[in-house]
Protein chains: 6
Amino acid sequence: MSRYPYPDLQDLPEDLRARILEVQEKAGFIPNVFLALARRPAEWRAFFAYHDALMLKEDSGLSKGEREMIVTATSAANQCLYCVVAHGAILRVYEKKPLVADQVAVNHRKADIPARQRVMLDFALKVCQRSHEIDEEDFAQLHAHGFSDEDAWDIAAITAFFGLSNRMASFSGMMPNPEFYLLGRMPRDKK
Amino acid sequence: MSRYPYPDLQDLPEDLRARILEVQEKAGFIPNVFLALARRPAEWRAFFAYHDALMLKEDSGLSKGEREMIVTATSAANQCLYCVVAHGAILRVYEKKPLVADQVAVNHRKADIPARQRVMLDFALKVCQRSHEIDEEDFAQLHAHGFSDEDAWDIAAITAFFGLSNRMASFSGMMPNPEFYLLGRMPRDKK
Amino acid sequence: MSRYPYPDLQDLPEDLRARILEVQEKAGFIPNVFLALARRPAEWRAFFAYHDALMLKEDSGLSKGEREMIVTATSAANQCLYCVVAHGAILRVYEKKPLVADQVAVNHRKADIPARQRVMLDFALKVCQRSHEIDEEDFAQLHAHGFSDEDAWDIAAITAFFGLSNRMASFSGMMPNPEFYLLGRMPRDKK
Amino acid sequence: MSRYPYPDLQDLPEDLRARILEVQEKAGFIPNVFLALARRPAEWRAFFAYHDALMLKEDSGLSKGEREMIVTATSAANQCLYCVVAHGAILRVYEKKPLVADQVAVNHRKADIPARQRVMLDFALKVCQRSHEIDEEDFAQLHAHGFSDEDAWDIAAITAFFGLSNRMASFSGMMPNPEFYLLGRMPRDKK
Amino acid sequence: MSRYPYPDLQDLPEDLRARILEVQEKAGFIPNVFLALARRPAEWRAFFAYHDALMLKEDSGLSKGEREMIVTATSAANQCLYCVVAHGAILRVYEKKPLVADQVAVNHRKADIPARQRVMLDFALKVCQRSHEIDEEDFAQLHAHGFSDEDAWDIAAITAFFGLSNRMASFSGMMPNPEFYLLGRMPRDKK
Amino acid sequence: MSRYPYPDLQDLPEDLRARILEVQEKAGFIPNVFLALARRPAEWRAFFAYHDALMLKEDSGLSKGEREMIVTATSAANQCLYCVVAHGAILRVYEKKPLVADQVAVNHRKADIPARQRVMLDFALKVCQRSHEIDEEDFAQLHAHGFSDEDAWDIAAITAFFGLSNRMASFSGMMPNPEFYLLGRMPRDKK
């Protein structure tokens, strides 16, 4: 399906190959985004540096599960198949809630989540779809549910970064690995 | 989550109860739509009569799996959680393709389906979202992929009927049974 | 204009023919929807059973005129020629207000109707166009104007059912009978 | 309904009063637009000068009925109650087709009009809603149906002028005179 | 770029030529709108009479700069190149703020303007894009910031008139004179 | 205007400070984006690494001016004040065309650019607004105007990256430096 051929692992620069092998070791497979972007190493490095700065940092007011919830909901708004399926899987694993990814992808207003997360996703979807209309009332809503301005930045930055990712995946025909579809759906799933 | 309480099975008219028990016997649980609508028996009867006329009939140019694919894709366009999850499950079971439901729900253009089904979903989504713009070119597209005018009626009627269902489910807060989320996702799943 | 030929009355199952002749007796002509859908008797029966359950029942908090007002306003939002013209006519007859149908079809905010009906149509149009966004505030608005939860169900179900009807009429090229255009426009019109 | 009070006829400048009395003489009533705008004579004069230049000129490739058809269809797209009702009436009178105004107001694609007028309305609606996207293909469509570049200008200018009119009527709460609703609906109606 | 040739100055009726020469004298060049519309003198006269009634009158609650601000913001919403560039230039000159035109054209919510002007543009953009939804709350917003009902009329009429102008310019391919792009950008610019 | 305070230069990590001083040296001022994002060094580093990989690389089928044209047009579609003004300036400088930035920001269809660049912007705007609908026909359009698949990747990636930038700038209230507004507008401007 992908329009752009994936490079062979052995042809990649050492830093890319090392990271990819590490991911494969941990996940049991190589998520396609690592290969799809690897044909352009400079962009690949910037992409994953950005990803890690937002998604892996420890000192955030958002849990890792909440961050994946933002990715899943906004990627669904952008109709990005790769990100909905891949990050929906990670969301299920982190949150240990097998149903939540489908819920926030279809309609976050109906999802079985606390008010705090509902408001977090309202903000994320506005940044995703109408960022030029964000104003002080949106921040006030966040504050009323315990989010700080730094948390707001996290929500916005994650939304913005995966908006980039969504467009790259959709334009290039990146397909989610079959493994993602089932991941985290059984109660006994471990990360 | 549902705003409207479900009636007790024993308080229902006999015909409703019989059908519901039959479904429970077959599926192992009672899909919530059967209980959610049962508080109004006359509407319940019309709803399921319509459903059966479209979804269960044997002499259609569309397979039962294709009909569920239409439901899944158009319900996603309407952001109806109940129908995407419940009919996505039935779609997986009928088509024996564990990935297809998520694919057509997020973006049918990227789904791993033949051109015939892509065109079928294009038509369904236009009926769903811009039925007033349907014209002869839309029928010509269908004909070019082997669909008859009767098939076009089936696609349109299924889309229209589940547009009704989507609005009832969303407005009333109908939630999909947890069983649906996992159904048909393992290759070995049998109906 | 209709793509799909109408069946001959004498070829129809007895129950369809009987109802159609009864309508013709009462109205002086056969509204096209009765013939257009009759080519598929099972769907016809479900359609009119649903219609009757919603539009003819006596124990509703909505008058019959209000129900037709919902149909007219939401069908206009869906740009369905058949339903705007046919149900606009019935609305004029029921409400004995020759101007109201055109008003709610073009812009219900400018119609000469009480606040209660304005709020009723606000809710109907949201169910019609953004049912996934319906939330408790929408119900609170209805309650503030004297509508019960059962009335809300009526408004939503009528909107949902005629959303089905709109899509069937538009897709199949169903044209309103010429008689509808003038019906109820003269103050002396009787039903 | 109008937010802005209408001036008394006797308080108006002579040229306004003369024209208004002339219209009243001819139509049997004073269309509200003449009074609603008269509170600002300079704007009134420019408005009707523009109106007359477009709608009354004799040397146009568009019949007067076609011009009113453009007004009716584009005013419906702008949901302007006054213009849909008032110009729909004039359209019926000019074209001697009692059904055509409702048809083009609800969905011009389903109206019982020749292909030439369908294409004329396609162009008008694009100027109305997406004028920034008008390009050579739109002109080519018009040419293919016999319209000249001068006719294109007429279609665009009528659309643009009534877009102004629509906004003034909607913003100020201008209501159509009751007489317009029935005008031209009976085959025997004369202007 | 313009599809429609401009007439020669010497072929124009005396009143058009006189006004055009006067403008040229004052501005140093002939803004293209004067020539583009001159091929139809009756429309030209009505257009500039309307323009002058709104934009040149002295007894308005809006400064001339504020009126040009409305034109710039709503023309940007309509993606009209001619009006954004030409009226953005006049706005800079009147307001003596070299940055404000670009700001309101791209996103008036981020412009460096007082709350009063932000609310004025909110109203203008609603009249521009959703005039059928204008209601009492919109007027209340204006009143709360010191605008009268006459000011509201000014805002709406300017928006409506330039909506006409935008459509004429875009449809006909009217291009802004190069002089406009730079006008008023240097602090020392005088009118 | 910015909600988030800018850090002091002397408090920044050495690599950030060095780059910022270098930019200041070259441009004569520090573009606000360098300071606005610097409060989070890890994100800053990834952002500018991505930026440089796309915008500074030498072996692209797109000139640097064309790349800035993509940024300007898509940032206008996202109504991002900072990026329209800042990158519009750089576009004017690179292309030595003082008018082109305003043209592509308001309506690229009317801009004075060759067909090749018109098609490039059509593709960019589709990636920006409807990336889920990109299909083979879009690539065929590009190929027909001499763009390779690598060029398509460049267009998409620049659009995607600045979609991220647009959302960060709008959400955080980043304002363009006054210097950008005038840059490149005078024919004699040098970079």
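**Reading chain contacts and salt bridges**

Biologist: How many salt bridges does the rule find across the interface of chain A and chain C?

Modeller: The rule finds 1 salt bridge across the interface of chain A and chain C. A salt bridge here is a side-chain nitrogen of Lys or Arg within 4 Å of a carboxyl oxygen of Asp or Glu. The pair is Glu133(C) and Arg109(A), whose side chains meet at 3.7 Å, N to O. Before we go on, this is a predicted model, where local features need pLDDT of at least 70, side-chain atom pairs count only at pLDDT 80 or more, and totals for chains, interfaces and linings use all residues. Residues are numbered from 1 along each chain as its sequence is written, chains are lettered from A in the order in which they are written, and side-chain values use heavy atoms, with hydrogens and water left out.

Biologist: What area is buried between chain A and chain C?

Modeller: The size of an interface is often given as the accessible area lost when the parts come together. With a 1.4 Å probe, and summed over both parts, chain A and chain C bury about 280 Å², of which carbon and sulfur atoms give 35%. On the chain A side, Asn107(A), Arg109(A) and Lys110(A) lose the most area to chain C, together 87% of what that side buries. Counting contact as heavy atoms within 4.5 Å, 4 residues come from chain A and 4 residues from chain C.

Biologist: Which relation links chain A and chain F?

Modeller: Copies are superposed by least squares on the C-alpha atoms of residues with pLDDT of at least 70 in both. A turn of 180° with a shift of 0.0 Å along the axis lays chain A on chain F, with an RMSD of 0.0 Å. That is the relation of a two-fold axis. The same surface serves both copies, since 100% of the contact residues of chain A recur in chain F. Within chain A, Ala46(A) comes closest to the rotation axis, at 2.5 Å (C-alpha).

Biologist: Are the partners Arg40(E) and Glu43(E) buried or exposed?

Modeller: Buried means under 20% relative accessible area, exposed over 50%, and partly exposed in between (1.4 Å probe, protein chains only). Arg40(E) is buried at 9%, and Glu43(E) is buried at 5%. Their closest N and O atoms are 2.9 Å apart in a salt bridge. Now look at chain D, where Arg130(D) and Glu133(D) meet at 2.6 Å, N to O, in a salt bridge. Arg130(D) is partly exposed at 38%, and Glu133(D) is partly exposed at 22%.

Note on methods
Buried area is the accessible area (1.4 Å probe) that two parts lose on being put together, summed over both.
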